[in-house]
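Open the model in your viewer and keep the sequence panel visible. The stops below are given in the order in which to select them.

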Amino acid sequence: RSPPGRGCRKSHSPDMTRMAVLGGTRFIGFHLVQRLLRTGFEVTLFNRGRTTPPESFATPGQGGRLVAIQGHRENLADLERLFERGFDVVFDVSGYTRAQVTPVLERHRKQIGHYIFCSSSSVYQQPFPSPLLENAPRDFSGGTYGGEKALVEDMLLDSWRQHAFPTTVLRAHGVFGSHDGGTPGIVLSQLLHREPVAIRARCKTRTRFLDVQDLVEAFLLAAQNPLSHGKAYNVAGEETVSAARLANLCGDAAGRPPHIIETAESGLKWLDYELIPDNTCIKP
């Protein structure tokens, strides 16, 4: 279970230049595209064109080249246009169901050097063991976010086992950053507006958060390391925090100690159970 980063310290490989990002205009995909362009890759962005990116992509002259193709991922003709030339790496940040991934997998597998699927810690079955390892039971309930992601994971990993199709699954957890601050962003906003941070009484459960730039780094390291083929990795932050601990960490970052109040009813959105993905396998 070698980690994606082991033995890989260059910014990018000169032999790996053509990238495609399925999605790419909202949050995780947007930051991924920005990083690929800054690193110098040729990036093809494929989506329906219905969402305006939160800001302009990296400008020409920063090394990379952006090609935008509008289309629907379940439309076979649109996929034909996308895969006319093939790609060294395809990052799938918009695939949620088997119907969305199957056409790519069945019709264009030979035109993809490495397929990296953005999954989620939501694939795991409750109650969660602690620590939560990659081999923990998953929930395959159809029609649910986590269940559909888990079904796609198995379809991709089966393709690796049966056809040696290079694929990597990254199970992201608690991602936050610019353009989607998540729970940490909410706390920081409350601090900057001098508002109290309301936490439900007796809320002691813990979890982890992940900076979106760290997730993007994991994408790139996995793309450059063939040891990641056929594997699934938890991608989670390093520190395990309670709601109060998160508030204090945000206070340190903002230079403003939080005013924490306990409430019996609504408060900061927080899990009623512990969810602590183990991130050992993805580390160098």
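Start by selecting Tyr96, which sits in the loop between β4 and α3. The model is a predicted one. Tyr96 counts as partly exposed because its relative accessible area is 38%, between the cut-offs of 20% and 50%. Now show its contacts: leaving out residues up to four places away in sequence, Tyr96 touches Tyr145, Glu148, Lys149 and Val152. Add a distance label from Tyr96 to Val152: their C-alpha atoms are separated by 7.5 Å, although the two residues are 56 apart along the chain.

**Helix α4**

Next, select Glu148, which belongs to helix α4. Is Glu148 buried or exposed? Its relative accessible area is 13%, so Glu148 is buried, the cut-off being under 20%. With residues up to four places away in sequence not counted, Glu148 touches Tyr96, Thr97, Arg98, Ser141, Gly142 and Gly143.

Extend the selection to the whole of α4, residues 145–163. How far apart should the ends of this helix be? At 1.5 Å a residue, the 19 residues should span 27 Å, and the end C-alpha atoms are 27 Å apart, which agrees. Colour the helix by burial: the buried residues include Gly146, Gly147, Lys149, Ala150, Leu151 and Val152. Further along α4, Met155, Leu156, Leu157 and Ser159 are among the buried ones as well.

What covers these buried residues? The cover includes α3 (98–108), β5 (115–120), β6 (167–172) and β11 (231–235). Step past the end of the helix to Ala164, which follows α4 and has a positive phi, near 55°.

**The elements around α4**

Select α3. Its buried residues are Gln100, Val101, Thr102, Pro103, Val104, Leu105 and His108. They pack against α2 (76–82), β4 (89–92), β5 and α4.

Then show β6 and β11 together. In which sense do β6 and β11 pair? The pairing is parallel, over five bridges. To find the register, pick Arg171, which stands opposite Asn234 in β11. β11 is mostly covered, with four of its five residues buried.

**The largest pocket**

Turn on a pocket display. Rolling a probe the size of a water molecule over the atoms shows where empty space is left. The largest pocket holds about 1400 Å³ of space. Its lining has 46 residues, and the closest to the pocket centre are Phe27, Ile28, Tyr96, Tyr145 and Asp180. Tyr96, the starting point of this tour, is thus back in view.

Which elements supply at least two residues each to the lining? They are α1 (28–39), β2 (42–47), β5, α4, α5 (182–192) and β9 (207–208). β5 gives the most, with three residues. Colour the lining by residue class to see 17 nonpolar, 21 polar and eight charged residues.

**Backbone stops**

Go to the loop between β5 and α4, where Pro127 is placed. The peptide bond from Gln126 to Pro127 is cis, with omega near 0°. Pro131 is found in the loop between β5 and α4 too. A cis peptide bond joins Ser130 to Pro131, with omega about 5°.

Move on to His179, in the loop between β7 (175–176) and α5. His179 is not a glycine, yet its phi is positive, about 80°. With a relative accessible area of 40%, His179 is partly exposed.

Arg202 is the next selection, in the loop between β8 (197–200) and β9. Its phi is also positive, about 60°, and Arg202 is not a glycine. Arg202 is exposed, its relative accessible area being 72%, where the cut-off for exposed is over 50%.

**Last stop**

Finish at Leu271, in the segment after β13 (260–263). How accessible is Leu271? Its relative accessibility is 28%, so Leu271 counts as partly exposed. Leaving aside neighbours within four places in sequence, Leu271 is in contact with Arg200, Thr205 and Thr207. Label one more distance, from Leu271 to Ser242: the two are 29 residues apart along the chain, and their C-alpha atoms are separated by 9.8 Å.

Methods
Residues are numbered from 1 along each chain as its sequence is written. This is a predicted model: local features need pLDDT of at least 70, side-chain atom pairs count only at pLDDT 80 or more; totals for chains, interfaces and linings use all residues. Side-chain values use heavy atoms; hydrogens and water are left out. The expected span of a helix is 1.5 Å times one less than its number of residues. Buried means under 20% relative accessible area, exposed over 50%, partly exposed in between (1.4 Å probe, protein chains only). Contact means heavy atoms within 4.5 Å. Two strands pair if DSSP finds at least two bridges between them. On a 1 Å grid over the protein atoms alone, a cavity is a set of points where a 1.4 Å probe fits but cannot get out, and a pocket is an open set with protein on both sides within 12 Å along at least five of seven lines; lining residues have an atom within 4 Å of a point. Grid points are joined across faces, edges and corners, and a volume is the space filled by probe spheres set on the points. Ala, Val, Leu, Ile, Met, Phe, Trp, Tyr, Cys and Pro count as nonpolar, Asp, Glu, Lys and Arg as charged, and the others, Gly among them, as polar.
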